[in-house]
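Grab a pencil and work through these exercises with the structure open beside you. Try each task before you read its solution.

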Amino acid sequence: MRILNFGSINLDHCYKVPHFVQAGQTLASFGLQVFIGGKGLNQSVAIARAGAKVSHAGAVGRDGGMALSLLQQEGVDISLIRTVSVPTGHAIIQIVPEGENAILLYGGANQVQTPEQIETALRGFSAGDLLVLQNEINSLDVLINTAHAQGMRLFFNPAPMAPTVRSLPLQKIECLIVNQTEAAALAGQATLPALIAAYPGTHILLTLGKKGAQYFDGHTTHTQPAFPVKAVDTTAAGDTFIGYFVAGIAQGLSPGELLCRAAKAAAISVTRPGAAPSIPYLSEVETFSF
């Protein structure tokens, strides 16, 4: 069983601020760090650090060398990533002292995926292989329809949430991965029963922040509490959880095992600054004491 993550690659500019900037306000930051990120890249790194093999497809600009190097260093297959003439996607992230964040995205190279690139990327994968998607790239409808026709198993995280998500062929998704905001936008309520009713036949992973997560595997609901830690930066917590979750699926873990491991990994990630750099390795997860 192979994993393909067709997703975004960003350069993240993280500003430490006393509070989130308000409309019409100029606010001085008291710290800046530049990290490699993007939900797609973060999730590929998390999958790799969880011990699973993953190929990443997508695009970067000529300024994307650092991101490609990071993926390659983590053992991610980067042969399906194109270098294009537009800049690499990037994010401007505000981080307040409590560790919460607000993010402004520029799509850049993430928004120039072509049908030809999609066909080439999916050609090397077979029925039963996993495809991981987020909502930071274009042509998601083509990806979903093509991969589903090939018999691939689709895992979709519709973040950042947008009205266009509802028009996608979501009935072809095996597992829908959402937080409470995304759940409310899709089902009218941020609850697992509402999501199950809205998307019958779909597996649902609902992440609940400090309250943990719930997973409906098509038959049974599994609940996983969060592990208590002092948060420094929550930027990649969701991506860490998702990457470890998908890796656990590919590795054949039971729902209880993969949820517990993903929750531990996410808890570790929020104790560190940045996106990809905050994602722990499996050895850290297995030895960390909460």
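**Exercise 1.** Find the strands that helix H7 lies across, and work out how H7 runs relative to S9.

*Solution.* Keep in mind that you're looking at a predicted model.
Step 1: Follow H7 over the sheet; H7 lies across strand S1 (3-6), strand S8 (130-134), S9, S10, S11 and S12.
Step 2: Now check the direction: H7 runs at about 170 degrees to S9. Angles over 145 degrees count as roughly antiparallel, so H7 and S9 run roughly antiparallel.

**Exercise 2.** Write down the strand order of the sheet with 9 strands, then name the strands at its edges.

*Solution.* Step 1: Going across this open sheet, you read S5-S4-S1-S8-S9-S10-S11-S12-S13, with mixed pairing.
Step 2: Strand S5 (77-83) and strand S13 (221-224) each have a single partner strand, so they are the edges, and one side of each has no neighbour in the sheet.
Step 3: From one strand to the next, the twist averages 15 degrees.
Step 4: Zoom in on one pair. Strand S11 (residues 203-207) and strand S12 (residues 213-216) are antiparallel partners, joined over 4 bridges. Within this pair, Leu-206 sits opposite Gln-214 of S12.
Step 5: Helix H5 (residues 180-187) packs on this sheet too, touching strand S9 (153-157), strand S10 (175-178) and S11. The direction of H5 makes about 120 degrees with that of S10.

**Exercise 3.** Describe how helix H1 and helix H7 cross, and sort the residues of their contact.

*Solution.* Step 1: Two numbers do the job here, because two packed helices are described by the angle between their axes and the distance between the axes.
Step 2: The axes of H1 (residues 39-49) and H7 (residues 237-250) come within 7 Å, crossing at roughly 50 degrees. That makes H1 oblique to H7, and the crossing is right-handed.
Step 3: On the H1 side, the contact is made by Lys-39, Asn-42, Gln-43, Ala-46, Ile-47 and Arg-49. H7 brings Asp-239, Thr-240, Ile-242, Gly-243, Tyr-244, Val-246 and Ala-247.
Step 4: Sort them, and you get 6 nonpolar, 4 polar and 3 charged residues.

**Exercise 4.** Which residues form the aromatic pair, and how are their rings arranged?

*Solution.* Step 1: The structure holds 1 aromatic pair, made by Tyr-215 and Phe-245.
Step 2: The ring centres are 5.1 Å apart and the planes make 80 degrees, an edge-to-face arrangement.
Step 3: Tyr-215 belongs to strand S12 and Phe-245 to helix H7, so the pair ties together parts that are 30 residues apart in sequence.

**Exercise 5.** Map the sheet with 4 strands, and find the partners of Tyr-15.

*Solution.* Step 1: This open sheet has the order S3-S2-S6-S7, and its pairing is mixed.
Step 2: Strand S3 (32-37) and strand S7 (101-106) are at the edges, each with a single partner strand, so one side of each lacks a neighbour in the sheet. Neighbouring strands here are turned by 20 degrees against each other on average, direction ignored.
Step 3: S2 pairs with S3 in the antiparallel sense over 6 bridges. With strand S6 (residues 89-95), strand S2 (residues 10-16) pairs in the parallel sense over 7 bridges.
Step 4: Tyr-15 stands opposite Leu-32 in S3, while its bridge partner in S6 is Gln-94. For Asp-12, the bridge partner in S6 is Ala-91.

Conventions. Residues are numbered from 1 along each chain as its sequence is written. This is a predicted model: local features need pLDDT of at least 70, side-chain atom pairs count only at pLDDT 80 or more; totals for chains, interfaces and linings use all residues. Side-chain values use heavy atoms; hydrogens and water are left out. Two strands pair if DSSP finds at least two bridges between them. Helices (H or I, at least four residues) and strands (E, at least two) are DSSP runs, numbered from the N terminus. Axes are lines fitted to C-alpha atoms, for helices over the stretch in contact, and angles run from 0 to 180 degrees between N-to-C directions. Angles under 35 degrees count as roughly parallel, over 145 as roughly antiparallel, 65 to 115 as roughly perpendicular and the rest as oblique. A crossing is left-handed if the near helix is turned anticlockwise from the far one by less than a right angle, and right-handed if clockwise. Contact means heavy atoms within 4.5 Å. Ala, Val, Leu, Ile, Met, Phe, Trp, Tyr, Cys and Pro count as nonpolar, Asp, Glu, Lys and Arg as charged, and the others, Gly among them, as polar. Rings of Phe, Tyr and Trp (its six-membered ring) pair if their centres lie within 6.5 Å; planes under 30 degrees apart count as stacked, over 60 as edge-to-face and the rest as tilted.
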